[in-house]
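This report covers the fold, the sheet, the core and a few individual residues of one protein chain. The sequence and structure come first.

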Amino acid sequence: KFRSKQDRSSMTLRLEHVKSSTVREMIASDRLPEVEHGLLKRHGETLNMSTQDKAKLLEMSLDVYSAKTHLAEIQVQVRSMCHSRGVTADHLTGLERFNLKKCI
C-alpha cells in the first residue's frame with residue numbers, strides 16, 4: 001500500500017536533546033534519581049561497590065531527550081557510563097591509518 005506524503009510525515013519520530021548532567025551534579029541540586037540513589041546509598045554494600053566504582057557512577061552522564069510524533073511526546077532518560085566519551089573522534093580512513101612505508 002502506498003502512503004501519501006502527509007501519512008509518512010506523521011510517522012516521523014523527532015528526538016530533541018533537552019538537558020544533560022552528571023550524577024554528581026544531580027546530588028548537588030538535591031534531585032538524585034531513584035536508581036542512582038539505590039545504587040549509591042542502599043545497595044552499594046550488597047553489590048560490593050568499591051569507592052572507585054562509586055566515583056565512576058558519580059561521573060555517569062544523565063541526558064534527557066524529548067521524542068515527538070504528531071500524536072505524542074515522551075521524555076526519554078539516557079544514562080551513559082562510557083569511559084571514552086571524552087575522547088577525540090578519529091576520522092582517519094583505513095588507508096590513512098595504516099599508511100606504512102616499506103623498509104629494507
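The protein has five helices and three strands, where helices (H or I, at least four residues) and strands (E, at least two) are DSSP runs numbered from the N terminus. From the N terminus on, these elements follow the order α-β-α-α-α-β-β-α. The model is predicted: local features need pLDDT of at least 70, side-chain atom pairs count only at pLDDT 80 or more, and totals for chains, interfaces and linings use all residues. Residues are numbered from 1 along each chain as its sequence is written, and side-chain values use heavy atoms, with hydrogens and water left out.

**Surface and contacts**

Of the 104 residues in the protein, 18% are buried; buried means under 20% relative accessible area, exposed over 50%, and partly exposed in between (1.4 Å probe, protein chains only). The exposed area of the protein is about 9200 Å², and carbon and sulfur atoms supply 55% of it. Accessible areas come from the Shrake-Rupley method with a 1.4 Å probe; for residues, only the protein chains shown count as cover. Among contacts (heavy atoms within 4.5 Å) with a separation of 6 or more, 57% are accounted for by residues 24 or more positions apart.

**The sheet**

The three strands form an open sheet in the order 1-2-3, with antiparallel pairing. Strand 1 and strand 3 (73–80) stand at the edges with a single partner strand each, so one side of each has no neighbour in the sheet. On average, neighbouring strands of this sheet are turned by 20 degrees against each other, direction ignored. Axes here are lines fitted to C-alpha atoms, for helices over the stretch in contact, and angles run from 0 to 180 degrees between N-to-C directions.

Two strands count as paired if DSSP finds at least two bridges between them. Strand 1 pairs with strand 2 in the antiparallel sense over eight bridges. Strand 2 (residues 61–68) is also joined to strand 3 by eight bridges, again antiparallel. Strand 2 and strand 3 form a hairpin, with four residues between them. As for cover, six of the eight residues of strand 2 are buried.

Facing residues give the register. Asp63 in strand 2 has Ser20 opposite, and Asp63 also stands opposite Val78 in strand 3. Ser61 stands opposite Ser80 in strand 3.

**Core and helix 3**

The largest nonpolar core has seven residues: Val23, Met26, Leu40, Leu57, Leu58, Met60 and Leu62. A nonpolar core is a set of buried Ala, Val, Leu, Ile, Met, Phe, Trp, Tyr and Cys residues joined through side-chain atoms within 4.5 Å. Helix 2 (23–28) and helix 4 (51–58) each supply at least two residues of this core. Val23 touches Leu32, Glu36, Leu40, Leu57, Leu58, Met60 and Leu62, leaving aside residues up to four places away in sequence.

In helix 3 (residues 34–42), the residues Glu36, Gly38 and Leu40 are buried. The buried residues of helix 3 pack against helix 2, helix 4, strand 2 and strand 3.

**Thr22 and Arg79**

Thr22 is in strand 1 (residues 14–22) and is buried because its relative accessible area is 17%. With residues up to four places away in sequence left out, Thr22 touches Leu58, Glu59, Met60 and Leu62.

Arg79 belongs to strand 3 and is partly exposed, with a relative accessible area of 33%. Arg79 and Thr22 are 57 residues apart in sequence, and their C-alpha atoms are 9.2 Å apart in space. On the same basis of excluding residues up to four places away in sequence, Arg79 touches Pro33, Val35, Glu36, Met60, Ser61 and Leu62. The side chains of Arg79 and Glu36 make a polar contact (2.4 Å). A polar contact is a pair of N or O atoms within 3.5 Å; within protein, one must be able to donate a hydrogen and the other to accept it, and residues adjacent in sequence count only if both atoms are side-chain atoms.

**Positive phi in two loops**

Most residues other than glycine have a negative phi. The table lists two residues with a positive value.

| Residue | Phi | Loop | Relative accessible area |
|---|---|---|---|
| Asp30 | near 60 degrees | between helix 2 and helix 3 | 72%, exposed |
| Asn48 | near 55 degrees | between helix 3 and helix 4 | 65%, exposed |
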